[in-house]
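Visitor: I am new to this one. Could you show it to me and let me ask how its labels are justified?

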Amino acid sequence: MSKVFELWNEVGGAFGPSGREEAVREAIAAIAGAYIDDITTDALGNLICRKKGSSKKVLFAAHMDSIGVVATYIDEKGFIRFSQVGGLFKGDLINITVRFANGTRGVISYEEKTPFKDLTLDNLFIDIGAKDRAQAETMVQVGDFAVFDAPRFEQNGVLCGPYLDNRIGCVTLLLAMEQLAEAQTDNDLYFVFTAQEEVGLRGAGAAAFAVEPDVAIAVDVTDTGDLPERKTPMAVDMGKGPAVKVMDRSVICTPAVCAALEQAAKDCGIAIQREILQFGGTDTSALQKTRTGVQAGAVSIPTRYIHSPSEMCAVGDVEDAAKLLAHFAAAYSA
Ligand code: CO
Ligand code: ZN
């Protein structure tokens with residue numbers, strides 16, 4: 001088993017839908033503590049780890065929250081209706097298992113009378129096996145959050161399971177921090193694990209406002225174009241290296257930052273791909289728009305089946321992304 005898998009298993013296994021990131025924050029802080037000088041948590045729940053320096057302020061951000069569901073109503077038979085926390089696709093939700101913070105598990109299923117193609121999230125429910133509402137309410141209350149409950153595994157140099165998005169970005173930062181622990185650099189480094197990205201990039205901006213970085217790099221997953229019969233072609237493949245973001249729906253990255261990342265990749269002998277994500281956005285946008293504007297870019301891990309309980313990415317892409325970030329952090333001077 002790779003070190004990447006072991007870290008992902010630990011950080012990825014922690015319960016942490018948007019706004020409920022406490023357990024993830026604790027798991028990350030426990031690992032990060034060894035590599036940095038200072039850890040703080042702000043009011044939004046962002047975890048800010050600093051390795052002090054007197055030169056350029058370089059900020060890396062990976063969101064630690066995950067998508068999930070929230071219980072909205074429990075009927076007399078004990079079936080639970082829910083709303084989404086972050087972007088959910090009904091095709092990923094049918095007859096899968098979810099887990100609440102207290103460990104209660106349930107199956108998401110659907111009203112059979114509605115033609116399958118017409119189903120919306122309103123036609124879905126969670127079945128926790130309760131005999132009625134009273135019993136259900138001893139285990140789940142309206143307002144309780146739940147997350148995908150699926151196994152994680154490593155096979156053929158590939159990781160698979162829930163919440164690569166974005167615990168694998170968190171793992172990437174942890175690996176980069178480890179490499180930088182002994183590095184000779186005067187840069188002032190901030191590794192920020194952000195809250196509430198999946199519900200609208202809510203944490204990252206506040207963290208960047210506090211830090212006032214000279215440059216900010218988000219680390220997250222991105223789509224791939226390497227699956228059979230894809231609708232839209234995309235020049236990013238799983239396993240061909242981390243992707244340097246050019247743009248997505250929320251951001252056009254600062255050209256000088258893209259160029260600096262590509263140069264850093266060259267300098268440390270890493271293959272990269274250029275990413276243009278036509279659907280979806282990332283913390284990069286919130287970082288870039290902070291205060292009077294921040295030079296911002298992003299490094300992405302090519303990932304298949306994003307926002308499903310079975311996301312997939314290559315271990316090598318994560319290792320190379322960490323190397324790239326560590327090199328960038330130490331070398332940045334512009
Ligand atoms: Co996401
Ligand atoms: Zn993400």
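Guide: What follows is a short talk about the metal sites and some residues around them. Bear in mind that this is a predicted model.

Visitor: What makes D165, E198 and H307 donors of the cobalt ion (ligand 1)?

Guide: An N, O or S atom counts as a donor when it lies within 2.8 Å of such a metal. The protein donors of the cobalt ion (ligand 1) are D165 (OD), E198 (OE), E198 (OE) and H307 (NE2), at 1.9 to 2.6 Å, so they meet the cut-off. Along the chain their spacing is D-x32-E-x108-H. The pair E198 and H307 links distant parts of the chain, 109 residues apart: E198 is in the loop between β12 (188-194) and α5 (204-211), and H307 in the loop between β17 (295-304) and β18 (311-314).

Visitor: Why is the arrangement around the cobalt ion (ligand 1) called irregular?

Guide: The 4 donor atoms subtend angles of 54 to 149 degrees. Tetrahedral would need all angles between 85 and 135 degrees, and square planar would need opposite donors over 155 degrees apart. The angles fit neither description, so the arrangement is irregular.

Visitor: Why do E198 and H307 count as buried?

Guide: Buried means under 20% relative accessible area. E198 has 11% and H307 has 18%, so both are buried.

Visitor: Which residues supply the donors of the zinc ion (ligand 2)?

Guide: The protein donors are H63 (NE2), D165 (OD), D220 (OD) and D220 (OD), lying 1.9 to 2.6 Å from the zinc ion (ligand 2). Their spacing along the chain is H-x101-D-x54-D. Here D165, in helix α4 (residues 164-180), and D220, in strand β13 (residues 215-222), link distant parts of the chain, 55 residues apart. Both D165 and D220 are buried. With angles of 52 to 146 degrees among its 4 donor atoms, this site is irregular as well.

Visitor: Which residue coordinates both the zinc ion (ligand 2) and the cobalt ion (ligand 1)?

Guide: D165 coordinates both, and the two ions are 3.2 Å apart.

Visitor: How do you know that D92 has no salt bridge?

Guide: A salt bridge needs a side-chain nitrogen of Lys or Arg within 4 Å of a carboxyl oxygen of Asp or Glu. For D92, the nearest side chain of opposite charge is K90, 12 Å away, so the criterion is not met. D92 is nevertheless buried.

Visitor: Where is D92, and what is it in contact with?

Guide: D92 lies in the loop between β5 (80-85) and β6 (96-100). Leaving aside neighbours within four places in sequence, D92 is in contact with H307, S308 and P309. H307 is also one of the donors of the cobalt ion (ligand 1).

Conventions. Residues numbered from 1 in each chain as written. Chains lettered and ligands numbered in written order. Predicted model: local features only at pLDDT ≥ 70, side-chain atom pairs only at ≥ 80, totals over all residues. Heavy atoms only, no water. Tetrahedral: all angles 85-135°; square planar, octahedral: opposite > 155°, others 65-115°. Helix = DSSP H or I, 4+ residues; strand = E, 2+ residues; numbered from the N terminus. Buried < 20%, exposed > 50% of the residue type's maximum accessible area, 1.4 Å probe, protein only. Lys, Arg positive; Asp, Glu negative; His and termini not counted. Contact = heavy atoms within 4.5 Å.
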